[in-house]
Structures are given as C-alpha cells and as structure tokens.
Amino acid sequence: MGTENGVYIVDSNTAQLNILNNTSSPSIAGKEVRSIIQDGEGKIWLGTTTGISILNADETLQFTYNDENSINFGLNSSHFYKLFIDSNKTIWLGTYSGGVYKHSLQENQIKLFESSPQNPNSLSGNLIWGIKEDPKGNIWIATQTAGLSLFDPKSITFKNYLKDFNHHIWSITIDDNNRLWIASSGGVFVYEQTREANLTLVKTLLTGQNILQVNYYAGKIWLQSNNNTIAWIDATSFSTHSEPLANQSIKWVRPIFLDSTNNLWLDTNVGILHYHVDSQKVSRLVLDFNDDNTRYFSKVIETETAFWLSSFGYGLIKIDKTNYELLEEINTGNGLSSNQVMNVIIQGRSLWVSYSNSGIDEVSLDSNQVLQNIAPEMLGFNELNESVGLLTHSQQLLFGGTNGFAMFEPEQLSVTSQINIQGITGKSKVPTITQLRVFNLPVDVRSANSPINAIINSLDEINLPYESNMLSFKFAQVNPVNPKAIKYRYKLKGLSDKWIETVSESPRYAHFSNLDFGTYQFIVQSKAPLTPWSNDKVLNINIAPLFGCKPTL
C-alpha cells in the first residue's frame with residue numbers, strides 16, 4: 001500500500017507489517033509513494049515523487065532511479081504519478097512534468113548512454129575512442145574532445161575528468177599498477193588514481209606526436225608506428241623503444257593481440273606478423289587466402305582450438321591454432337551483416353561482432369553460424385567505432401561509438417537463452433495483411449464491385465478478374481514493442497521463390513505489376529530484433545484468364 005509516509009507491506013500469512021521509505025533499510029527513492037506495479041519478472045516497482053525503486057520479491061532493493069541518475073536513462077523527471085503495465089509487459093511511466101515514458105523488457109535489455117550537457121552526472125562526451133575496466137570494476141571511457149568519464153555500472157553514474165585536456169584522445173589502457181595511459185594528438189599521458197578518486201599526471205611521453213594507439217601486454221605499452229619498426233614503452237621505467245623490421249616494404253605496424261604463447265600479433269600493410277616478446281623473433285603468418293582485404297585486421301580472438309581474425313574488408317576468418325590453416329570464412333555471403341568489422345568480443349560460446357552502421361551480430365563458436373543481429377535501431381543508430389568495446393568482469397558488454405555507448409548482458413540476449421526470457425518468444429509475431437490495392441487503388445469490402453467479401457487479413461484466398469495484373473499489399477505486425485525495429489520480407493510464389501526484404505523507405509509494402517493470369521501465393525514474414533523470422537502469413541491469389549484462354553501447365 002502506497003502512502004505519504006512510504007509503502008506498507010503486510011504479510012498475508014502472519015499479518016506482520018513492514019514499512020519502507022527514504023529512511024528505512026533498505027531505503028527507497030522517496031517517502032511519498034504514488035503508484036505500485038509488479039512486472040513480468042515478479043519485481044515490484046514503486047513510483048514516488050522523487051524517483052522509482054525496484055524491489056525483488058523478498059523486499060530487497062534491486063535498483064533506484066532518482067535525480068542523480070535518471071537522466072542517464074533518458075528520464076527528464078523523477079516525479080512519478082502513475083505506473084502502468086500493458087499486455088505486452090511494457091511498463092508506462094507517467095511523470096508530473098516530464099511526460100510519459102515506456103520501459104519494455106526487450107528494449108531495455110540494451111541500455112544506451114550519451115552526453116547531456118545539462119547534467120554533470122552524465123557521460124562527458126559522445127565520441128568515444130576507448131573503454132577500459134579498472135580492478136575495482138569501474139569503467140573508464142575516453143572521449144575524443146571531452147576528457148575521461150568514470151562510469152559506475154552499479155549506480156549508473158558518471159564522474160568526469162580532464163575536461164580541459166588540450167589534445168584529442170584516441171586510445172586508453174590501464175597497466176598492472178592501475179595507471180591510465182592515454183594516446184593523444186599531443187603524445188602519451190600517464191595518470192595515477194589517488195585515494196580521493198582524483199587523477200594525478202605522472203608522465204608525459206612522445207610530446208607533440210600524434211599517438212593513435214596504446215595497448216598493454218607483458219609489462220609494456222605497445223604503440224602503432226608509421227614505419228617498419230615495432231615500438232613500445234616500458235611501463236615501469238617509462239623508457240621508449242623501437243626495433244626495426246627487416247622488410248623495408250612495411251609502412252606501418254599496429255600491435256593488436258598477445259596470444260597464449262607470447263606471440264604479439266602485428267597488423268601491417270603486408271599482412272600479419274608474429275613477434276615473440278621473449279625471443280624477439282619475427283615471423284610472417286601466411287594465410288591461404290586470395291583477397292587483399294584480409295591484410296587489414298581489427299581484432300584477434302583466441303579459443304581452445306582456433307584463432308578468429310576480424311577484417312576491415314572481409315568479415316571473420318577462422319584459422320587452426322596449430323598450423324594456421326584456414327578453417328572458415330564468415331562474411332555477408334553467409335550471414336554477417338557487414339564485411340567491415342569494427343570489433344569482436346568473446347563471451348561464453350559466442351562472438352559479438354560490431355559494425356559501424358549495421359549493429360551487432362552474435363556468431364556461434366560451435367556452429368560458426370550467425371545467430372542473430374541486434375539492429376542499429378536497438379543501439380540508437382550509434383555508429384560503433386573500431387576496437388571500442390569491453391566485456392566487464394561482471395559479464396556486461398559495452399560498445400562505444402560516435403553517440404555514446406551501449407551496454408547489455410549478453411546472457412540475456414544470446415539466442416541460446418532468449419527463449420527463457422519472459423516476454424521474448426521463440427519466433428516473431430506473424431504479420432497482418434492490412435490492405436490490398438489493385439492498380440494502386442485501395443480495395444475493401446465496401447469498394448464498388450469488390451472482389452473480396454471480408455477484411456483482407458481474414459481471407460485465405462481471393463479471386464480477381466483478368467485485368468487485375470497490378471497488385472500491392474500493405475502489412476504490419478500488430479502492436480509491436482518497437483515498430484521501427486521490425487523487419488519484413490515477402491515473396492510471390494508463381495512469380496518468384498526469392499525472398500525480398502523491405503527497405504527503410506517502404507518497410508511494409510509489396511508491389512507487383514504485369515502479372516499474367518494464373519495462381520499465386522503471397523507470403524510475408526516479420527522479424528523483431530533478437531528473434532527468428534515469423535511463421536508465414538499466406539494469401540492465395542487466383543487471377544482469372546482472359547475469356548477463351550487456358551492456363552499453360
């Protein structure tokens with residue numbers, strides 16, 4: 001029971017009374033409780049005049065939204081009047097002065113964070129070039145022109161640093177002494193975290209140089225070089241080093257991975273090189289592959305039996321861990337959303353593959369198949385940047401781009417576990433055919449000389465006269481959680497067996513012209529994010545022959 005003095009909880013068996021408010025333990029968002037609902041997972045939502053608290057069934061506090069962090073969830077008000085849950089298990093939040101918001105399980109499994117100039121507790125800037133986690137579980141986010149943000153994933157709050165940093169930031173890493181190394185347009189800057197959670201400048205190196213990358217492997221900070229040298233900084237003495245490579249045709253060297261045998265993988269303009277950090281021997285990885293695009297790699301992932309390489313031009317390549325033989329090529333030809341891979345992160349038995357404009361794919365390590373695509377709409381149309389991502393110690397995935405970053409728990413979104421998530425079914429809803437058009441004119445039961453006697457979606461078959469050789473159909477999912485994220489595909493059997501996916505300019509429309517008389521089947525499917533294609537919606541179409549003509553068998 002919500003009251004002006006908190007929420008009163010009465011045990012139905014013992015009649016024991018418990019009161020929760022802003023001074024109790026646990027404390028909730030506010031004293032004045034205006035609305036109470038229970039969501040599809042059994043959690044209790046308490047809407048107060050100063051925020052929302054979410055309780056587990058055992059009355060323990062799970063989370064609180066208030067003035068301190070509400071802006072990071074897109075909420076412009078913490079004064080809640082009414083909470084409501086609809087038939088889709090979508091939660092609607094009515095506020096005093098900030099309008100109405102909706103929260104759905106599927107949409108809000110992916111949390112989007114961007115900068116809000118009006119809120120000092122938000123992300124410092126939107127253009128992100130680095131994400132790293134420190135030993136305390138805090139996330140350091142490097143923005144190009146707005147310094148660093150320290151993100152606490154538990155409280156969903158930010159603390160910002162180096163707002164007046166005079167250089168563009170391109171990369172960030174953290175060494176074993178918990179020092180931050182920043183690659184910038186003005187050199188390498190090393191900062192130390194104090195007990196007061198401040199940053200102190202320890203060292204400036206390579207002053208005035210444009211340093212694009214810093215990676216910490218084996219006690220060294222490895223740098224990208226624009227010549228035929230391997231360059232690094234000793235993380236203890238801060239001394240700089242470079243070692244020339246014998247191949248004079250090498251124009252740039254980019255360290256991208258240190259494997260379990262201490263081979264440092266170097267991406268160069270002549271392909272992948274291996275540099276053993278102990279013996280300092282260099283060898284070239286020769287791939288049995290005839291495509292120049294494979295020389296531009298963005299990431300290497302090591303598993304028990306294989307290496308996975310992501311390319312800027314040819315998707316994913318899987319090679320044997322022992323003899324480096326090519327095992328698999330995964331690209332747009334067999335399911336990837338794009339061949340230009342920005343980042344790959346391994347979690348469990350899946351690879352999560354990100355792209356600039358094509359969202360994020362999940363790829364199975366066991367079957368080598370693309371399991372699903374998280375559409376760009378689910379990521380706020382954020383253009384994801386190269387190598388900007390992280391799997392945290394608490395198993396959350398972060399991907400950064402040009403408009404903030406996205407965070408989600410991969411276990412909740414993985415295809416192998418999604419059918420166990422309440423509110424997400426095995427397949428998408430079957431779409432509804434909403435309109436028939438003949439010669440671009442709408443046809444319904446009230447039309448003059450109408451060929452149909454009921455609403456189009458209720459029919460399994462329609463009979464049309466011979467002159468009806470130009471047909472169009474409109475279709476849609478009914479009451480989808482996120483209409484813009486729904487994809488559709490269709491085909492007209494009798495004309496073609498090929499699926500046609502709709503485009504963004506005309507997402508729910510199919511048009512056919514110059515149809516001959518005969519029998520056809522219009523088939524349409526829909527697909528919500530994170531779900532397979534729906535079952536078929538089928539409409540049989542019979543176009544009568546011209547008088548005196550017979551169909552050709």
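Where in the chain is the place of Pro-26? In this predicted model, Pro-26 falls in the loop between β3 (17-20) and β4 (33-38). The peptide bond that leads from Ser-25 into Pro-26 is cis, its omega being near 0°.

The protein chain as a whole has 553 residues, of which 50% are buried. Its secondary structure amounts to 47 strands and two helices. The C-alpha trace extends over about 90 × 70 × 45 Å along its principal axes.

Two further loop residues were examined for their backbone angles. Leu-206, a residue other than glycine, has a positive phi, near 55°. Its place is in the loop between β19 (199-205) and β20. With a relative accessibility of 22%, Leu-206 counts as partly exposed, because the buried class is confined to values under 20%. Asn-262 is likewise not a glycine, and its phi is positive at about 70°. This residue lies in the loop between β24 and β25 (263-268). Asn-262 is partly exposed, its relative accessible area being 25%.

The largest pocket of the model has a volume of about 1200 Å³. It is lined by 43 residues, and those closest to its centre are Lys-132, Asn-215, Lys-299, Ser-387 and Gly-389. Two or more lining residues are given by each of the strands β12 (128-133), β16 (169-174), β20 (214-217), β24 (253-258), β28 (297-302), β32 (341-347) and β36 (384-391). The largest share, six residues, belongs to β36. Sorted by class, the lining comprises 23 nonpolar, 11 polar and nine charged residues.

Nine salt bridges are present in the structure. One of them joins Glu-386 to Arg-254, with an N to O distance of 2.8 Å. This pair links distant parts of the chain, since Glu-386 belongs to strand β36 and Arg-254 to strand β24, 132 residues apart. The two partners fall into separate accessibility classes: Glu-386, at 30% relative accessibility, counts as partly exposed, whereas Arg-254, at 8%, counts as buried. Together with Asp-267, Arg-254 and Glu-386 are linked in a network of salt bridges. Strands β36 and β24, in which this pair is placed, are also among the elements that contribute to the lining of the largest pocket.

Another salt bridge is formed by Asp-175 and Arg-179, whose closest N and O atoms are 2.9 Å apart. Asp-175 is buried, with a relative accessible area of 5%, and Arg-179 counts as buried at 9% relative accessibility. A salt bridge also connects Lys-43 with Glu-41, and here the closest N and O atoms are 3.2 Å apart. Lys-43 has a relative accessibility of 15% and counts as buried. Glu-41, in contrast, counts as partly exposed at 46%.

Aromatic contacts were considered next, and the count comes to 27 aromatic pairs. In one of these pairs, Phe-113 and Phe-158 meet edge-to-face, with 6.0 Å from centre to centre and 70° between the planes. Phe-113 lies in strand β11 (residues 110-113) and Phe-158 in strand β15 (residues 157-161), so the pair ties together parts that are 45 residues apart in sequence. Phe-113 and Phe-158 are both buried.

The rings of Phe-512 and Phe-522 have centres 6.1 Å apart and planes at 75°; the pair is therefore edge-to-face, as planes over 60 degrees apart are placed in that class. Phe-512 is in strand β45 (residues 509-512) and Phe-522 in strand β46 (residues 518-527), and the two residues are 10 residues apart. Phe-512 and Phe-522 are both buried. They also belong to a cluster of ring pairs that includes Phe-473, Phe-475, Tyr-488 and Tyr-490.

An interaction between a charge and a ring was identified as well. Arg-489 lies over the face of Trp-499, at 4.5 Å from the ring centre.

Note on methods
Residues are numbered from 1 along each chain as its sequence is written. This is a predicted model: local features need pLDDT of at least 70, side-chain atom pairs count only at pLDDT 80 or more; totals for chains, interfaces and linings use all residues. Side-chain values use heavy atoms; hydrogens and water are left out. On a 1 Å grid over the protein atoms alone, a cavity is a set of points where a 1.4 Å probe fits but cannot get out, and a pocket is an open set with protein on both sides within 12 Å along at least five of seven lines; lining residues have an atom within 4 Å of a point. Grid points are joined across faces, edges and corners, and a volume is the space filled by probe spheres set on the points. Helices (H or I, at least four residues) and strands (E, at least two) are DSSP runs, numbered from the N terminus. Ala, Val, Leu, Ile, Met, Phe, Trp, Tyr, Cys and Pro count as nonpolar, Asp, Glu, Lys and Arg as charged, and the others, Gly among them, as polar. A salt bridge is a side-chain nitrogen of Lys or Arg within 4 Å of a carboxyl oxygen of Asp or Glu. Buried means under 20% relative accessible area, exposed over 50%, partly exposed in between (1.4 Å probe, protein chains only). Rings of Phe, Tyr and Trp (its six-membered ring) pair if their centres lie within 6.5 Å; planes under 30 degrees apart count as stacked, over 60 as edge-to-face and the rest as tilted. A charge sits over a ring if NZ of Lys or CZ of Arg is within 6 Å of the ring centre and within 35 degrees of the ring normal.
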